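This briefing looks at strand pairing and at contacts between charged side chains. The structure is shown first, and the points that follow are grouped by topic.

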Amino acid sequence: MAMVGLFWIAEGDVYVGAKPSGPARGVRLTPEGVVALGEGQAGLHLWEDVRALTLADVPVKSLRRQVGAVRDLALGVVVNLALPAGPGMSEQAPAMMTVGVDTLDGRHELTAYTAAAVG
């Protein structure tokens with residue numbers, strides 16, 4: 001299993017973003033085409049019908065994002081020390097990105113979790 005840029009490669013499978021688990025949304029690239037996975041999106045877009053693939057909403061490394069991450073980490077440490085098992089504490093889900101698939105039938109927008117903290 002390896003992360004290469006925006007792709008997750010595991011056991012011969014290639015995913016755009018993170019490999020989905022259970023009903024989580026994801027996008028797998030196969031020799032046949034682009035496969036939409038997860039709750040609310042399913043289907044196969046054959047390569048012969050695909051005209052373009054685009055990515056949007058990919059998190060990028062910026063000074064503002066880095067400062068926000070440090071602030072969130074510090075705040076999380078303080079809150080965990082003060083309320084180790086406080087109510088309502090939950091982990092933040094990874095960011096989502098949009099995978100646009102342009103086909104003969106039109107544009108399909110799929111979503112996938114990003115596998116890296118920043119793209």
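With a relative accessibility of 23%, Asp-102 counts as partly exposed, because buried residues lie under 20% and exposed ones over 50%. The model described here is predicted, and Asp-102 is taken up first for its salt bridge with Arg-107. The sheet that includes strands E8 and E9 is described after the charged contacts.

**The network around Arg-107**

- Asp-102 and Arg-107 form a salt bridge in which the closest N and O atoms are 2.9 Å apart, and Arg-107 is itself partly exposed, with a relative accessible area of 44%.
- Arg-107 also forms a salt bridge with Glu-109, where the closest N and O atoms are 3.4 Å apart.
- Glu-109 has a relative accessible area of 56% and is therefore classed as exposed, the cut-off for that class being over 50%.
- Through shared partners, these salt bridges join Asp-102, Arg-107 and Glu-109 into one network.
- As a general point, side chains of opposite charge can pair when their charged atoms come close.

**The salt bridge between Glu-11 and Lys-19**

- The structure holds three salt bridges, and one of them links Glu-11 with Lys-19, the closest N and O atoms being 3.8 Å apart.
- Glu-11 counts as exposed because its relative accessibility of 72% falls in the class over 50%.
- Lys-19, the partner of Glu-11 in this salt bridge, is partly exposed, with a relative accessible area of 35%.

**The three-stranded sheet**

- Three strands make up an open sheet in the order E7-E8-E9, and their pairing is antiparallel.
- Strand E7, covering residues 50–56, and strand E9, covering residues 106–113, are the edge strands, each of which pairs on one side only.
- From one strand to the next, the twist of the sheet averages 20°.

**Pairing of E8 with E9**

- Strand E8, which spans residues 96–103, pairs with E9 in the antiparallel sense, and eight bridges connect the two strands.
- Within this pairing, Met-96 has Tyr-113 in E9 as its bridge partner.

How values were computed
Residues are numbered from 1 along each chain as its sequence is written. This is a predicted model: local features need pLDDT of at least 70, side-chain atom pairs count only at pLDDT 80 or more; totals for chains, interfaces and linings use all residues. Side-chain values use heavy atoms; hydrogens and water are left out. Two strands pair if DSSP finds at least two bridges between them. Helices (H or I, at least four residues) and strands (E, at least two) are DSSP runs, numbered from the N terminus. Axes are lines fitted to C-alpha atoms, for helices over the stretch in contact, and angles run from 0 to 180 degrees between N-to-C directions. A salt bridge is a side-chain nitrogen of Lys or Arg within 4 Å of a carboxyl oxygen of Asp or Glu. Buried means under 20% relative accessible area, exposed over 50%, partly exposed in between (1.4 Å probe, protein chains only).
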